[in-house]
Protein chains: 4
Amino acid sequence: MTTWEQVAGDSRYTQVLDKGFVGLIDYMGDDAAIVQAARVSYGAGTKSVNEDRGLIRYLMRNSHSTPFEMVEFKFHLKMPIFVMRQHVRHRMASINEYSGRYSVMTDEFYIPEQSRLQAQSRDNKQGSGAQLHGQELEMALNTIKRVSAENYLDYLSLINDEEGRNYNLGERQGLARELARMVLPLNNYTELYWKIDLKNLFHYLNLRVDSHAQMEIQQLALPIAEHVKRICPIAWEAFEDYWQQATTVSRLEKNLLQALIEFSSTQSVGFGESYETMCQKAGGKAQLQSEFGMSKREMAEFERQWKLA
Amino acid sequence: MTTWEQVAGDSRYTQVLDKGFVGLIDYMGDDAAIVQAARVSYGAGTKSVNEDRGLIRYLMRNSHSTPFEMVEFKFHLKMPIFVMRQHVRHRMASINEYSGRYSVMTDEFYIPEQSRLQAQSRDNKQGSGAQLHGQELEMALNTIKRVSAENYLDYLSLINDEEGRNYNLGERQGLARELARMVLPLNNYTELYWKIDLKNLFHYLNLRVDSHAQMEIQQLALPIAEHVKRICPIAWEAFEDYWQQATTVSRLEKNLLQALIEFSSTQSVGFGESYETMCQKAGGKAQLQSEFGMSKREMAEFERQWKLA
Amino acid sequence: MTTWEQVAGDSRYTQVLDKGFVGLIDYMGDDAAIVQAARVSYGAGTKSVNEDRGLIRYLMRNSHSTPFEMVEFKFHLKMPIFVMRQHVRHRMASINEYSGRYSVMTDEFYIPEQSRLQAQSRDNKQGSGAQLHGQELEMALNTIKRVSAENYLDYLSLINDEEGRNYNLGERQGLARELARMVLPLNNYTELYWKIDLKNLFHYLNLRVDSHAQMEIQQLALPIAEHVKRICPIAWEAFEDYWQQATTVSRLEKNLLQALIEFSSTQSVGFGESYETMCQKAGGKAQLQSEFGMSKREMAEFERQWKLA
Amino acid sequence: MTTWEQVAGDSRYTQVLDKGFVGLIDYMGDDAAIVQAARVSYGAGTKSVNEDRGLIRYLMRNSHSTPFEMVEFKFHLKMPIFVMRQHVRHRMASINEYSGRYSVMTDEFYIPEQSRLQAQSRDNKQGSGAQLHGQELEMALNTIKRVSAENYLDYLSLINDEEGRNYNLGERQGLARELARMVLPLNNYTELYWKIDLKNLFHYLNLRVDSHAQMEIQQLALPIAEHVKRICPIAWEAFEDYWQQATTVSRLEKNLLQALIEFSSTQSVGFGESYETMCQKAGGKAQLQSEFGMSKREMAEFERQWKLA
């Protein structure tokens, strides 16, 4: 397994978590490749840089996504197995991963920083909340460290590595690596090459550089995003403006927003006041919400989005 | 090639254009299958129908799309080749199509209705505009009819079909079908089986039941949509509310919208008036637009969307 | 997590390993669906059952694989995480998996049977060899059991489950599930819905019902294969005859085989003797091998395949 | 539309058919990239060039195909629409194609050379046979030329291009391009950018550089193959040896081949004689064939393959 130390001097690599990394090994194409492919559909002619920017932004705004497939990235990645289990779900990508059947898994385990040892979130069933503290923090950290060290020793013992425990067993054969690995915990590190086109990478980044993604995969996605930003600056900007930082306004919200705007405009009253008035007229917020087919949670998000709370 | 007449009595089939059809041959799963798959991730417990609806809507609203892959549809379709050329671009689907190498292409060509004989759109480079009229309408219709008939006769002549022209050629071998077909125009009909999962079908329908899609593929997509609506009514409703009829508000538009709402609320003036005031303060609409990083076209769409024009 | 006990009475389910299962939840199409799709390409006409069999075998023999995509299977599966890590690599499939972020992972770990506790294979870098015995067998089994039990206790302690260790920590928040799971070993069980078409399932089965596949995924693949065999008996038989149990003879081997056949036929000597003579003429087996561009390993496989060793 | 003349001086481009071309625009990776990705799975160590060759051949021989996905090619292609209809069926590729909705289709049609004007094959339902001759050849060529010219004139008339027919129609609007194109025959040329990885390109080349493929797509595939051969010479050689020029021997054929070899070896009679004897013993060739579960066609192929006819 490649260690961070082995690649630390290579400017293409960035450290991720405690022992992982992101390295951009190769890529094909940039903003110009997107434009080139799009122009075959939309017609040619010499265009200034400014028009290229306009074209890329037009493609992104209108979800004409195929020209973004013309740019390809190849990364060398190292991450804990539980992160890899999320990473691999992006199917439109090519993967070659370190094999625990062929090779011995190494003594590298993800040990979170103290600030990351967070409690279960109370309102988000899949998320993390406040940092642990005091004795619980210490216990958590020690448990993760102890399990990593102990399980690795068990793994070595099973495969009959001399660093493992002896148990005075006499002559030993060593359990097959493909079996012995089953005692390794999910924070053990793995390594892979990963190739993906820009369209699918934008999908990945939209999901994984997101506050709802598990922090560890966010950490992985961030340096990947930096490479995209550097190589395709115009596409990246368009991605931020029209996708990542854009908001989808549902049919229901749009109806409510339009009704509020109309009320405010025709009655010449402020937008916030319009909302209050419409709630009152409906007989309360719950009634207004139900009139527009929205759930309580959607109504709360609507208020937060448009600062009505 | 299957004709519309052969399937017209079969309730699974709907006529499309003049000689095409959509037939739902088989499907697997429905709203319950989406819920079943989602619950394996989110945890179980007996849930009422109402909660199933909430779950499906939650999945759609948050782009948790994999459970929608659990529903599968298989269609028998017939459409002109130029429509098939668009249809086939949806790669996440399975296709078996009539082969012009194996079989003789049949004398079926799409002849548009008069109302569809529209001029090139002036503002939309890829669209249709006003209906043709008078002599031009007649010429267009006659040309399409004549080309279809003449080319088919040429095709038959090439393959040495007795219905073709004789030319007094004496003994003939007949050109290979794979070659002869090259003289057929793009309105010749083809036939296929098409299998696709609901997630990818929603992508298809979002693009193809859309006023920017070519009318002929819209006509094909509509009865497909009707089948989805009937078999997965809750997923369909969620698709309409959170995807098809939702609006993506870009980062730029969101900033402007929030600024307008804040101005209106804090200054207690109507929303429309707020817009006018902000335009004036910026030194004109073009300045406001540029302040928020928007293009002229985006600004126009913004005004149209929120009825500010 | 669904336990084997919960589904044991359901005839659609089969137990796999100690706590896993394969359940066929739904499917669409069978041998007739393959024929139906193929006939749209190759032309129609009423055909007898016998001709359907011939058509399916023809498709398989000639790698006309798209009609096999028209059959779809949906399984409910339970397997250890290290098996899931192999399973998920088949990208042309749909997956919804139990989430350790949302839900508590359960106390179910794969404990191999004693006969499966095999040593590392000496000749196959990725495989298993002879069964362990005596004290080493006992140690291996105990280690896997102990790690499973201890790590689960650590997991419960981290999430502050009352079944975990107390450590007299006073008030506790409980580490987020998404973090705590990292101490679970790779033999912990997971559960999923899995949908795949027959073409891609044949790829899967060809790789996974194979002596080079890890035994645990073979065990999973076998009942899946049984379902395919039952639902598509003709396609299954064709798969066995023309794919799974067929042999690829390389250009090099084909040249050698043809040379041997020619020598045997023209010289009227037995095939085995022909091989010996040709080796001698070339100056030894290594020379013959090199003449035909083969590696030592290929030559050995050639001898084994055609019983020349 | 890009013409062949515009790119003829560019060494990356090769002419295909009469007006088409293949241009390699960009690529990422080569033989070394395959090795790099494979080594992450199989373990490292400094390896000589010779061992790299062995590894690539090992991967190909054992269908370990994922490392071949690490090489990516981007082509600029021009081909007739009926060829494009076959080309587009390879789904694991990225395409941006010239749009007949946005742009005017150009006056470029595929006119086959005289030697290509072949009759329908008598034994191959999807293939071409002997060349046409005399008057039929002339008629075929003239028909294709005439249809191309006439239909293009009709197309121009419909879109109200000044080169079209006037018909003295007075003021005209011009039919929308998206509609007018339906009168163009399938030999009209189209243009595209096409990006594909080496694994999927090998699939493509295996099918399309094949005597069963339509000649026109073979012509397209050949210069594509030349690029692959030049950039990845070791992978190409492995592809030829273990895939393209390899033979799949079915379970049935293998059984027969092994029986013949055994008979020849144990009875010390020539291979050809063994076949005859076994046929006689079975009561005839049809009986032997049926004993081994083979069809008549398979038996004929078996005889041809091993020179027994």
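**Notebook: chain A, its partner chain C, and one helix**

I began with overall size: chain A has a radius of gyration of 26 Å, where a compact globule of 309 residues would have one near 19 Å. Worth noting at the top of the page: this is a predicted model.

Next I looked up the box. Along the principal axes, the C-alpha atoms of chain A fill roughly 90 × 60 × 30 Å. I then listed the secondary structure of chain A and got 13 helices and eight strands. For burial, 49% of the 309 residues of chain A count as buried. I also checked contact range in chain A: of the contacts between residues at least 6 apart in sequence, 67% join residues at least 24 apart.

**Contact between A and C**

I turned to where the two chains touch. Chain A puts 51 residues into the contact and chain C puts in 50. Which elements of chain C give two or more residues to its side of this contact? I found β5 (118-120), α5 (134-158) and α6 (177-180) of chain C. The biggest giver is α5(C), with 11 residues. Sorting the residues on the chain C side by type, I got 25 nonpolar, 16 polar and nine charged.

**Symmetry**

I superposed chain C on chain A and read off the operation: a rotation of 180°, with 0.0 Å of shift along its axis and an RMSD of 0.0 Å. The two copies are therefore related as by a two-fold rotation axis. I looked for the C-alpha of chain C nearest that axis, and it belongs to Pro185(C), 1.9 Å away.

Do the copies meet through the same surface or different ones? I compared the interface residues: 100% of those in chain C are also interface residues in chain A, so the copies meet through the same surface.

**Helix α13 of chain C**

Last, I went to α13 of chain C, residues 296-305, and checked burial. Glu298(C), Met299(C) and Phe302(C) are buried there. I noted that a glutamate, Glu298(C), is among these buried residues. They span an arc of only 100° around the axis, so they sit on the same side of α13(C).

I then flipped to the face turned away from the buried side of α13(C), and found the exposed residues Lys296(C), Arg297(C) and Arg304(C) on it. What covers the buried residues of α13(C)? The cover includes α10 (251-267) and α12 (285-291) of chain C.

One backbone detail to log: just after α13(C), Lys307(C) takes a positive phi of about 50°.

Technical notes: Residues numbered from 1 in each chain as written. Chains lettered and ligands numbered in written order. Predicted model: local features only at pLDDT ≥ 70, side-chain atom pairs only at ≥ 80, totals over all residues. Helix = DSSP H or I, 4+ residues; strand = E, 2+ residues; numbered from the N terminus. Rg over C-alpha atoms; globule rule 2.2 N^0.38 Å. Buried ≥ 20, exposed ≤ 12 C-beta atoms within 10 Å, placed from the backbone. Contact = placed C-beta atoms within 7 Å. Nonpolar A, V, L, I, M, F, W, Y, C, P; charged D, E, K, R; others polar. Least-squares fit on C-alpha atoms with pLDDT ≥ 70 in both. Arc of directions from axis to C-beta.
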